[in-house]
Amino acid sequence: MEEDWGVTRLTRQLEGKARRQLGTSGSGNHFVEFGELTLGEPDLGLDAGTYLALLSHSGSRGPGNTVASHYSKLAMDLHPELPKDLRHLAWFELDSAPGQEYWQAMELMGRFAAANHEVIHRSIHRALGAKPLAEVENHHNFAWLEEHGGRKVVVHRKGATPAGDGVLGVIPGSMATPGFVVRGRGSAAAMNSASHGAGRVMSRKKAHHSLTWSSARKLLDAQKITVLSAGLDEAPQVYKDIHTVMAAQRDLVEVVARFDPRIVKMAPPGERPED
């Protein structure tokens, strides 16, 4: 929060909201979980074994959502030639005034998201009187300026995570299935990327219409998982099988450790998304 939030007029307006929301998780698929981290061999500066771990998934909250919505609308307004069903593909030239403005705002939102994670974890560490032995943090749903094939390009990883050679990351499953700490293999064909998570097989609307908490609890109880709060649209059945997903990207990442959730905290059912 000590950075310059006046990089654009919009970010200046959002600074107060950012201060209020810093250290909060948010709705949707955002979560904080306690679980068991299992290392089959020494890594991350740790001996092989099982550790208590804290995994969070959150983002740039209301400010990030506002930035994305504002500049998406501006890009669409600047490209009226696009057919209605393709308006969401509107763009800025990176060296244009709106392109540079959006880039600076997006970079600030990325740093805010990282700080948000840091504050959540620090608050829990302090409450427990615990000291972390190792930490892994990474971005997803973000854009990077990188060089590929001898060209400088913008790589936008929507639903994907960086997986450059040696880059650490986290790929979660669902509240009832494991997540994995991974190390990238640097696949040029995949532009140094891997999937960010299991991915959904069911929309939120369909989940509410076709699932029940009684069926979800059977899965959770079988895995000895306690859910403090969550919406039915985040039940385990709405996600792909994480083991199949991981097997499909063995050429993109190597598994470093396995995270098995034990206590899950998500936004309560019906909680309004951030604005």
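These legends accompany a set of close-up views of one predicted model.

**View 1. Ser58 sits in a loop between a strand and a helix.** Let us start at Ser58, placed in the loop that runs between β2 (49–57) and α2 (61–77). Is this residue buried or exposed? Ser58 has a relative accessible area of 5%, so it counts as buried, the limit being under 20%. Its side chain makes a polar contact with the side chain of Asn116, at 3.5 Å. Setting aside the neighbours within four places in sequence, Ser58 is in contact with Thr24, Ser25, His30, Asn116, His117 and Ile120.

**View 2. Strand β10 and its pairing partners.** Here we follow β10 (residues 253–266), which pairs with β1 (residues 31–39) in the antiparallel sense over eight bridges. To find your place in this pairing, look for Glu36, whose bridge partner in β10 is Asp260. Strand β7 (residues 179–184) also pairs with β10 in the antiparallel sense, over six bridges. In that pairing, Phe180 stands opposite Arg258 of β10. What about β9 (residues 226–229): is its pairing with β10 parallel or antiparallel? The sense is parallel, over three bridges, and Thr226 stands opposite Ile263 in β10.

**View 3. Helix α1 bends at Glu15.** Helix α1 covers residues 9–21. The bend at Glu15 is about 45°. How does the length of α1 compare with what its residue count suggests? At 1.5 Å a residue, its 13 residues should span 18 Å, and the C-alpha atoms at its ends are 19 Å apart, which agrees. Buried residues of α1 are Leu10, Thr11, Leu14, Ala18 and Gln21. What covers these buried residues includes α2 and α3 (97–128). After the helix comes Gly23, with a positive phi near 90°.

**View 4. Helix α3 from start to end.** This view travels along α3, and we can check its length in the same friendly way. At 1.5 Å a residue, its 32 residues should span 46 Å; the end C-alpha atoms are 47 Å apart, which agrees. At the start of α3, look for Ser96: one of its side-chain oxygens reaches to within 3.1 Å of the backbone nitrogen of Gly99. Beyond the helix you will find Gly129, which follows α3 and has a positive phi near 65°.

**View 5. Asn65 and Met109, apart in sequence by 44 residues.** Asn65 lies in helix α2. With a relative accessible area of 38%, Asn65 is partly exposed, because that value falls between the limits of 20% and 50%. How many ångströms separate Asn65 from Met109 in space? Their C-alpha atoms are 9.4 Å apart.

**View 6. Aromatic pairs in the structure.** How many aromatic pairs does a search of the whole structure find? The search finds five. One of them joins Tyr71 and Phe92 in an edge-to-face arrangement, 6.4 Å centre to centre and with 85° between the planes. This pair links distant parts of the chain, with Tyr71 in helix α2 and Phe92 in the loop between α2 and α3, 21 residues apart. Both Tyr71 and Phe92 are buried. Now turn to Phe142 and Trp144, whose ring centres are 5.3 Å apart; their planes stand at 75°, so this pair is edge-to-face, the limit being over 60 degrees. Phe142 and Trp144 are both buried. As a last stop in this view, look for the aromatic cluster formed by Tyr71, Phe92 and Tyr102.

**View 7. Two residues with a positive phi that are not glycines.** Asn192 is found in the loop between β7 and β8 (193–195). Its phi is positive, about 55°, although Asn192 is not a glycine. At 24% relative accessibility, Asn192 counts as partly exposed. The other residue to find is Lys224, in the loop between α5 (213–222) and β9. Lys224 also is not a glycine, yet it has a positive phi of about 60°. Is Lys224 buried or exposed? The relative accessible area of Lys224 is 67%, so this residue is exposed, the limit being over 50%.

Conventions: Residues are numbered from 1 along each chain as its sequence is written. This is a predicted model: local features need pLDDT of at least 70, side-chain atom pairs count only at pLDDT 80 or more; totals for chains, interfaces and linings use all residues. Side-chain values use heavy atoms; hydrogens and water are left out. Helices (H or I, at least four residues) and strands (E, at least two) are DSSP runs, numbered from the N terminus. Buried means under 20% relative accessible area, exposed over 50%, partly exposed in between (1.4 Å probe, protein chains only). A polar contact is a pair of N or O atoms within 3.5 Å; within protein, one must be able to donate a hydrogen and the other to accept it, and residues adjacent in sequence count only if both atoms are side-chain atoms. Contact means heavy atoms within 4.5 Å. Two strands pair if DSSP finds at least two bridges between them. The expected span of a helix is 1.5 Å times one less than its number of residues. The bend at a residue is the angle between axes fitted to the seven residues ending there and the seven starting there. Rings of Phe, Tyr and Trp (its six-membered ring) pair if their centres lie within 6.5 Å; planes under 30 degrees apart count as stacked, over 60 as edge-to-face and the rest as tilted.
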